[in-house]
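Biologist: I have a model open on my screen and would like to go through it with you, a piece at a time. Could we begin with the interior and then move on to the helices?

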Amino acid sequence: MRISLADAATLLLTSEVVAVPTETVYGLAACLNDFTAIQKIYTLKSRPPQNPLIIHVASSQQIHEYVEELPDSFEALAAAFWPGPLTLVLPVKSNKVLNIVTAGLKTAAFRVPRHSLTRKLLAMTGPLVMPSANLSGKPSSTSAEHVEKDFTLDFPVLDGGPSEEGLESTILIWDSKKWVIGRLGALDADCFLPVIGYIPGLTKKHNDLDVNELKETPTCPGQMFRHYAPKARLIFFKQDLLTTNPCQVIVGFDDKSYSREFKIYSLGLLKNPKVAAERLYAVLRQLDQDEVKEAFVDMDFPANGLWITIRERLEKAASS
Ligand code: TXA
Ligand code: MG
């Protein structure tokens, strides 16, 4: 059910959950201090309780209230990337943020979104928690239609058009006096160099950590879980297609030539990673809509910039 901005604010202020557009992906929003509404989010998404939520605020000033001590580079990052697709994980003062938001961690994740409707809404409601508006494990939603597919046509959605970025925010975690990337997203790692003086490293993958390290290593708990996956089995290829395979579908690019026997789900042109990012989840969702059982995915694309995030999302989407 498409709702107005005023109705979205009213629902949120009366403990309801509403789907909200952002420039990255759509979010399922609840007010930051509303335990009941936040519980509804976990239930609606079937989200594991160990997976904390991002707090969305209207301005970086609002973060001061929650955070123990801000790193020197905080202001530079905020000035360079907010409002926009950056999330910062910082140590929070005790008892300032509900445990259901942080999943019991001593840190919380913060983001100042850029979408004009989200910003207007935040001005009316105050801080909102928002995980991506999809069933846990499925591709994120980049349009109001995607949200309705996952949560039915009756679900209240503030329609802000297709998401501009199409990929989730990049998450930086402040740990031992440096930033590390907890999740790659709409910002690539290189863009931080001019702002903080180094390219933040990636956190270790959960499966590379032993049990003792797991507690001490900064990670995004969400990375442990299955993600972005359509029902279709995704089969990666680079140059040579296994033509003996019965698969009829390719996720690929307009400027490549594939044999005519295949139906192509296009990520656009190889020279344009922004478009590939914007289309990625819509394409994965379309496979489900068309009841595709198996799809070849053309992985022969560059290994820099946004392509690194796109590759990571496809690898996650294909893993079982
Ligand atoms: O672009 C986005 O970030 C979107 C839009 C709606 O803002 N939101 C989003 O939320 O992607 P979600 O819940 O799908 O992913 C949030 C990620 C999870 O991997 C979670 O584990 C991580 O953020 N996270 C949240 N709080 C954290 C914390 N205190 N420490 C480490 N990771 C945290
Ligand atoms: Mg998500």
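Biologist: Which residues does V101 touch, not counting those up to four places away in sequence?

Modeller: Bear in mind that this is a predicted model. With residues up to four places away in sequence left out, V101 touches L32, I38, P52, L53, I55 and V129.

Biologist: And which residues have the most contacts inside the largest nonpolar core?

Modeller: They are I55, L77, L86, L88, V101, F110 and V129, in a core of 46 residues. V101 is thus on that list, and two of its partners, I55 and V129, are on the list as well.

Biologist: Which elements give two or more residues to this core?

Modeller: There are helices and strands among them: the helices are α2 (35-45), α3 (74-81), α4 (99-102) and α6 (144-151), and the strands are β2 (27-31), β4 (86-91), β5 (107-111) and β8 (178-183). Apart from this core lies another one, of 35 residues, which includes L167, L234, A277 and Y281.

Biologist: A277 and Y281 sound like helix residues, so let's go there. How are α9 and α10 packed, in angle and distance?

Modeller: Helix α9, residues 273-289, packs on helix α10, residues 306-318, at an angle of about 15°, and their axes are 9 Å apart. Because of that angle, α9 is roughly parallel to α10, and the crossing in which α9 passes α10 is left-handed.

Biologist: Which residues make the contact?

Modeller: From α9 the contact takes P273, K274, A276, A277, L280, Y281 and L284, and from α10 it takes L306, W307, I310, R313, L314 and A317. By type, the residues of this contact are 11 nonpolar and 2 charged, with no polar ones.

Biologist: How do α6 and α9 cross?

Modeller: Their axes come within 12 Å and cross at roughly 45°, and α6 and α9 are therefore oblique to each other. Here too the crossing is left-handed, with α6 passing α9.

Biologist: What is the make-up of that contact, by residue type?

Modeller: The α6 side consists of H146, K149 and D150, and the α9 side of A282, R285 and Q289. These residues divide into 1 nonpolar, 2 polar and 3 charged.

Biologist: Changing topic, E168 caught my eye. Is E168 buried or exposed?

Modeller: E168 counts as buried, because its relative accessibility is 4% and the cut-off for buried is under 20%. This residue lies in the loop between α6 and β7.

Biologist: What does E168 touch, leaving out residues up to four places away in sequence?

Modeller: E168 touches T24, V25, S140, R183, G185, A186, Y228, Y281 and R313. Two of these partners, Y281 of α9 and R313 of α10, also take part in the contact between those helices. The C-alpha atoms of E168 and A277 are separated by 9.9 Å, although the two residues are 109 residues apart along the chain.

Biologist: You listed Y228 as a partner of E168. What is the phi of Y228?

Modeller: Phi of Y228 is near 55°, a positive value in a residue other than glycine. Y228 lies in the loop between α8 (211-216) and β10 (233-237), and at 1% relative accessibility it counts as buried.

Biologist: Why would you point out a positive phi?

Modeller: Because most residues other than glycine have a negative phi, and in a similar way most peptide bonds are trans. S176 is also a residue other than glycine with a positive phi, near 45°. S176 lies in the loop between β7 (170-175) and β8 and is exposed, with a relative accessible area of 61%.

Biologist: Which residues are joined by a cis peptide bond?

Modeller: A cis peptide bond joins W82 and P83, with omega about -5°, and P83 lies in the loop between α3 and β4.

Biologist: One last loop residue, please: where is S136, and what does it touch beyond residues up to four places away in sequence?

Modeller: S136 is in the loop between β6 (128-129) and α6, and at 30% relative accessibility this residue counts as partly exposed. With residues up to four places away left out, S136 touches K45, S46, R47 and P48. S136 and L44 are 92 residues apart in sequence, while in space they are 9.1 Å apart, C-alpha to C-alpha.

Key
Residues are numbered from 1 along each chain as its sequence is written. Chains are lettered from A and ligands numbered from 1 in the order in which they are written. This is a predicted model: local features need pLDDT of at least 70, side-chain atom pairs count only at pLDDT 80 or more; totals for chains, interfaces and linings use all residues. Side-chain values use heavy atoms; hydrogens and water are left out. Axes are lines fitted to C-alpha atoms, for helices over the stretch in contact, and angles run from 0 to 180 degrees between N-to-C directions. Angles under 35 degrees count as roughly parallel, over 145 as roughly antiparallel, 65 to 115 as roughly perpendicular and the rest as oblique. A crossing is left-handed if the near helix is turned anticlockwise from the far one by less than a right angle, and right-handed if clockwise. Contact means heavy atoms within 4.5 Å. Ala, Val, Leu, Ile, Met, Phe, Trp, Tyr, Cys and Pro count as nonpolar, Asp, Glu, Lys and Arg as charged, and the others, Gly among them, as polar. A nonpolar core is a set of buried Ala, Val, Leu, Ile, Met, Phe, Trp, Tyr and Cys residues joined through side-chain atoms within 4.5 Å. Buried means under 20% relative accessible area, exposed over 50%, partly exposed in between (1.4 Å probe, protein chains only).
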